[in-house]
Amino acid sequence: MTAKTIEEKEMSTATAYKNIRTATEGAIAIVTLNRPQVLNALNTELMTELADAMQAFDHDEHVRVIILTGGERAFAAGADIKEMAEESTVSMMLRDNLAIWDRIRFIKKPIIAAVSGFALGGGCELLMMCDIVVASETAQFGQPEINIGVIPGAGGTQRLTRVLGKYRSMEIILTGRPFSAKEAFDLGLVNKVVPVEVLLDEARAMATEIAKKSPLAVRLAKEAVLKTYEMTLNEGLQFERKSFYMLFDSKDQKEGMRAFMEKRPANFTGR
Ligand code: CAA
């Protein structure tokens, strides 16, 4: 698809959001963070719009996969420092802005992050709430909150450590140093590193592949993988087995297995 046709499509599906753009391409929804003047700093308004858009796509039966992306220069340079610089403990607790992030945590459809440029602080934490991360060669990651007198507040200490282990995440969080896409790949934080020109195409290719599967199986697979963060092995195995058995009441399971035996591609309907 050419840049022009994407733009036209985005215009035709544009909603009233101020800080993000949304578009759909068949079963794929694309959400683009769009505050380029501040490197997509994640203020309350943007995060509310993002959670609204993500939830709307989660409830839209035509959408099977969501791609979350930013601009070429920045995926997101973190929470909006200017918005919170003069806050107090009490005002932060009363506003409880970070609760908005939980709405993204509970999205059931797979989210693919397509990351170019800065993915710092809350930007890095946002991509860690996604399920697959494709990065451009120019992407730069980091948790620099320590440099401004705070700590990661949107899951960084927890999710980074679960991916990288104690020692590597401790170094990254305590020094606040940025790291490259190559290092992120070596650390297991991103799935693939590609030239910036093909970043979205690569995310689309993965999304297209996932969108062909049974959405019921995809939803339960995502849920089961995420349970490893919260459950013991025994609980997780029980959850997985029950989810596996549960799928045998779906038309998609019958279709998938019959298609295999009839040597034809399966046509999954999400029923
Ligand atoms: N919040 C608010 N504004 C931001 C921002 C942020 N996180 N990051 C960048 N901006 C703004 C800058 O203030 C600047 O605006 P002005 O032109 O009005 O001054 C504009 O974006 C462009 O930024 P720079 O001029 O700084 O661009 P640069 O190329 O020189 O540097 C950068 C880029 C290294 C990313 C630098 O902007 C930077 O260090 N940003 C802050 C990164 C950071 O500390 N993130 C963590 C935030 S705290 C957090 O996220 C808490 C949490 O866990 C939830």
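Biologist: Why does Phe-179 count as buried?

Modeller: In this predicted model, Phe-179 has a relative accessibility of 2%, and since the word buried is kept for values under 20%, Phe-179 belongs in that class. Phe-141 is judged by the same rule: with a relative accessible area of 0%, Phe-141 is buried as well.

Biologist: How many aromatic pairs are there by the rule for rings, and what makes the pair of Phe-141 and Phe-179 count as stacked?

Modeller: The count comes to three aromatic pairs. In the pair formed by Phe-141 and Phe-179, the distance is 5.8 Å centre to centre and the angle between the planes is 25°; because a pair needs centres within 6.5 Å and stacking needs planes under 30 degrees apart, the two rings are a stacked pair. Phe-141 lies in strand β8 (residues 140–142) and Phe-179 in strand β9 (residues 179–180), so this pair ties together parts that are 38 residues apart in sequence.

Biologist: And why is the pair of Phe-244 and Tyr-245 called tilted?

Modeller: Their ring centres are 6.2 Å apart and their planes stand at 55°, and because stacked means under 30 degrees and edge-to-face means over 60, the pair falls to the remaining class, tilted. Phe-244 is partly exposed, with a relative accessible area of 47%, whereas Tyr-245, at 53%, counts as exposed, because the cut-off for exposed is over 50%. Together with Phe-248, Phe-244 and Tyr-245 form one aromatic cluster.

Biologist: Which residues come nearest to the ligand, and how do you know that Glu-125 has a polar contact with an oxygen atom of the ligand?

Modeller: The shell around the ligand holds 23 residues, and Arg-73, Ile-81, Gly-122, Glu-125 and Glu-145 come nearest. A polar side-chain atom of Glu-125 lies 2.6 Å from an oxygen atom of the ligand, and because a polar contact requires N or O atoms within 3.5 Å, this pair qualifies. For Lys-82, a polar side-chain atom is 3.0 Å from a ligand oxygen, while for Ile-81 a backbone N or O atom is 2.9 Å from a ligand nitrogen. The ligand on its own has 980 Å² of accessible area, of which the protein covers 65%.

Biologist: Which element gives the most to the shell around the ligand?

Modeller: That is α3, with three residues. By class, the shell has 13 nonpolar, five polar and five charged residues.

Biologist: How many disulfides does the structure hold, and why is Cys-124 too far from Cys-130 for a bond?

Modeller: The structure holds zero disulfides. The sulfur of Cys-124 is 11 Å from the closest cysteine sulfur, that of Cys-130, and because a disulfide needs sulfur atoms within 2.5 Å, the two are too far apart for a bond. Cys-130 is therefore in no disulfide either, its nearest cysteine sulfur being that of Cys-124. Cys-124 counts as buried at 0% relative accessibility, as does Cys-130 at 11%.

Biologist: What is the phi of Asp-96, and where is Asp-96 found?

Modeller: Most residues other than glycine have a negative phi. Asp-96, although not a glycine, has a positive phi of about 45°, and Asp-96 sits in the loop between α4 (89–95) and α5 (99–105). Lys-263 also has a positive phi, of about 55°, without being a glycine; Lys-263 is placed in the segment after α13 (251–261) and, at 76% relative accessibility, counts as exposed.

Definitions and conventions
Residues numbered from 1 in each chain as written. Predicted model: local features only at pLDDT ≥ 70, side-chain atom pairs only at ≥ 80, totals over all residues. Heavy atoms only, no water. Buried < 20%, exposed > 50% of the residue type's maximum accessible area, 1.4 Å probe, protein only. Near = heavy atom within 4 Å. Polar contact = N/O pair within 3.5 Å; in protein donor to acceptor, adjacent residues only side chain to side chain. Areas by Shrake-Rupley, 256 points an atom, 1.4 Å probe, with all protein chains shown as cover. Helix = DSSP H or I, 4+ residues; strand = E, 2+ residues; numbered from the N terminus. Nonpolar A, V, L, I, M, F, W, Y, C, P; charged D, E, K, R; others polar. Phe/Tyr/Trp six-rings, centres within 6.5 Å; stacked < 30°, edge-to-face > 60°.
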